[in-house]
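Subject: Handing over the structure we talked about

Dear colleague,

Please find the structure below, together with its sequence, and keep it open while you read the notes that follow it.

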Amino acid sequence: MTIAIHIENLTRRFNDLVAVDNISFDIEHGEIFGLLGPNGAGKTTTLSMLSTMLKPTSGSATINGIDIERDEDGVRKSIGIVFQDQSLDEELTAWENMDFHGRLYRIPADIRKQRISELLKLVELEDRKNDIVKTFSGGMRRRLEIARGLLHHPSVLFLDEPTLGLDPQTRNHLWQYIATLAREKGITIILTTHYMDEADRLCNRVAIIDHGKIIALDTPKNLKDGIGGDVVTIRSPDPAAIVAALAEPWITRVEQHNDEVIVSLQNAEQHISTIVTLLNTQQVPIQSIAIHKPTLEDVFLSFTGKTIREEEADHKTNMRMYQRMVRH
Amino acid sequence: MDIIYTIWLRNMKRYIRSKSRIIGSISMPLFFLLFLGFGLNSVVQLPGMGGNYIVFLIPGMVAMSVLFTSVFSGIQIIWDKQFGFLKETLVAPVSRLEIMLGQTLGGATTAVLQGFMILVLSVFIGLHVSNPAGFLIALGFMILIGISFTAFGIAIASRMEDMTGFQLIMNFVVFPIFGLSGALFPISSLPAWMGPVTLLDPLTYGVEGIRYGLTGVSQVNPLVCAAVIGGFTVVMTVLGAFLFRKIKL
């Protein structure tokens, strides 16, 4: 496997805020790589630096061996990008938006025409090609942007929150496109998302990023396996008592989380009755109890001590700094 | 060159589709022409200028229409910034100078087209262009006004965050430029202390140049007009390109 993207100690500061804090990793050619984290974690800043839109404060990165600072145009030619916010000209038609892009990237007229037809067919917008983008739905616009990002045959495609604000059906549809793209065209795809299921379903590998740092990087499967088995969520008016009651050797981990206790253990189905008995004998009240296979949400929680939603709330109110509730 | 053309082409497509904008920006100078022109024609005496106020006013209204359209076209890149389209252009492997020049030429073209429409309509209310050379001279000045003030709009837009300051710019910068230019009255009729102020206004030279082309009479030597508005065009283009290069998203 060849390296498509190499990132070394990449850092970006905005005054006192360290948006991206000394990150390093490699992305292999043909990989779908996910940057997963809450809003404000530094995902978009990372993409902005890789796409030469923003200068790093320190550190370096190469795309296909081209340095992002030394050869901006070289990088720009070899990447396609779909921004988080829409970047289409709403007054132009789908075809004209594509054509504008093709001309900007100096694609000769005949090839341009052919590729635009092909790509509009791929994203199923061919019958709407002469309609003004203003009349398009959110999902159609996204698809058009993805098609546009591929027009100049980039070897790396950046997707910044590609399914943000789309309905579940459209999201599913887009995931299929993205997976097909990577498979059939051999394009390396980096996508940022704060949807855990999106990262899980699409990505070969996922880097979990929080407060500008990479806190975990592996395949979704390995990350979930690292949790230590299944996840049992117990709700109770007295969660602290549950934590105390469940100090058993066959339990991998117990975390209190508001009025919930999250328990990780192997073969939860077999142990669930033991847990209930244990809590009953110690007279700890139980409101509800649920078992599920670990998700990336649980991985995020285990690394940060918070759910991604709480983390976002924290970012919004700027209440307190990153704090781990559980150390291991 | 092909990149400049691409940006220009986009501007043209948007322009042709915005019927309301075309009509909207023709209406103001046209109403000025009709109401002020016909209203004041019998009252206003202009010694040494043919004595016809409507004919005096026409070059001013042509210039006005070019001025407002071009500043507006330049400032429009704020919308591209807000609606995200500017990112698409800025992340492409093209230089910002090419983007800026394409935008400037696009804006200037729409502005000159708008002015040209006023010019054509003016023929029905008393304009006689007997001399084709004069017409070309007027067109040349319209092009210079169009380029310089689109670049001026781009320069402003490059430093503005959003459209909230737009009204302020229009009222306190663009309107005084228009008012002091001698578009509505001969600059010699202003009080003596205001004379130098009108001569500091670059549009004065544009209006006088167009007036010379269309009517054969002007208060400022047409060569001086050409030199000043030409110089202003160069300065504005350089300034616009410089500020656009530093634009932040």
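Starting with chain B, its pattern read along the sequence is α-α-α-α-α-α-α-α-α-α-α, which corresponds to eleven helices and zero strands. Please bear in mind throughout that this is a predicted model, and that what I describe was computed from it.

The overall dimensions of chain B are a good next step. Its C-alpha trace spans about 55 × 40 × 35 Å along the principal axes. The radius of gyration of chain B is 18 Å, and because a compact globule of 249 residues would have a value near 18 Å, the two agree. Of the 249 residues in this chain, 45% count as buried, and when we look at the contacts in chain B with a separation of 6 or more, 83% of them join residues that are 24 or more positions apart.

Chain A is built from twelve helices and 14 strands. Its C-alpha atoms fill a box of roughly 80 × 45 × 40 Å, again taken along the principal axes. Among the 328 residues of chain A, 44% count as buried, while residues 24 or more positions apart account for 68% of the contacts in chain A with a separation of 6 or more.

We can now turn to the place where the chains meet. The contact takes 21 residues from chain A and 17 residues from chain B. On the side of chain A that touches chain B, α2 (72-78) and α3 each supply at least two residues, and the largest share, four residues, comes from α3(A). Sorted by class, that side of chain A has eight nonpolar, three polar and ten charged residues.

One pair of helices in this contact can be followed in detail. Helix α3 of chain A, residues 94-104, and helix α1 of chain B, residues 2-17, have axes that come within 9 Å and cross at roughly 160 degrees. Because angles over 145 degrees count as roughly antiparallel, that crossing makes α3(A) roughly antiparallel to α1(B). The crossing in which α3(A) passes α1(B) is left-handed. From α3(A), the contact is made by Glu96(A), Phe100(A), Arg103(A) and Leu104(A), and from α1(B) by Asp2(B), Ile3(B), Thr6(B), Arg10(B) and Lys13(B). The residues of this contact between α3(A) and α1(B) divide into three nonpolar, one polar and five charged.

Finally, there are two single residues that you may like to find for yourself. In chain B, Ile54(B) is found in helix α3, residues 53-75. Is Ile54(B) buried or partly exposed? With 19 C-beta neighbours inside 10 Å, Ile54(B) counts as partly exposed, because a residue is buried if 20 or more lie within that distance. Not counting residues up to four places away in sequence, Ile54(B) touches Gly37(B), Asn41(B), Ile125(B) and Gly126(B). The C-alpha atoms of Ile54(B) and Leu249(B), which are 195 residues apart along the chain, are separated by 46 Å.

In chain A, Lys121(A) is found in helix α4, residues 109-122. Lys121(A) has 13 C-beta neighbours inside 10 Å and therefore counts as partly exposed. Between the C-alpha atoms of Lys121(A) and Ala147(A), which are 26 residues apart along the chain, the separation is 9.3 Å.

With best wishes

Methods
Residues are numbered from 1 along each chain as its sequence is written. Chains are lettered from A and ligands numbered from 1 in the order in which they are written. This is a predicted model: local features need pLDDT of at least 70, side-chain atom pairs count only at pLDDT 80 or more; totals for chains, interfaces and linings use all residues. A residue is buried if 20 or more other C-beta atoms lie within 10 Å of its own, exposed if 12 or fewer, and partly exposed in between; C-beta atoms are placed from the backbone. Two residues are in contact if their C-beta atoms, placed from the backbone, lie within 7 Å. Axes are lines fitted to C-alpha atoms, for helices over the stretch in contact, and angles run from 0 to 180 degrees between N-to-C directions. Angles under 35 degrees count as roughly parallel, over 145 as roughly antiparallel, 65 to 115 as roughly perpendicular and the rest as oblique. A crossing is left-handed if the near helix is turned anticlockwise from the far one by less than a right angle, and right-handed if clockwise. Ala, Val, Leu, Ile, Met, Phe, Trp, Tyr, Cys and Pro count as nonpolar, Asp, Glu, Lys and Arg as charged, and the others, Gly among them, as polar. The radius of gyration is taken over C-alpha atoms; the globule rule is 2.2 Å times the number of residues to the power 0.38.
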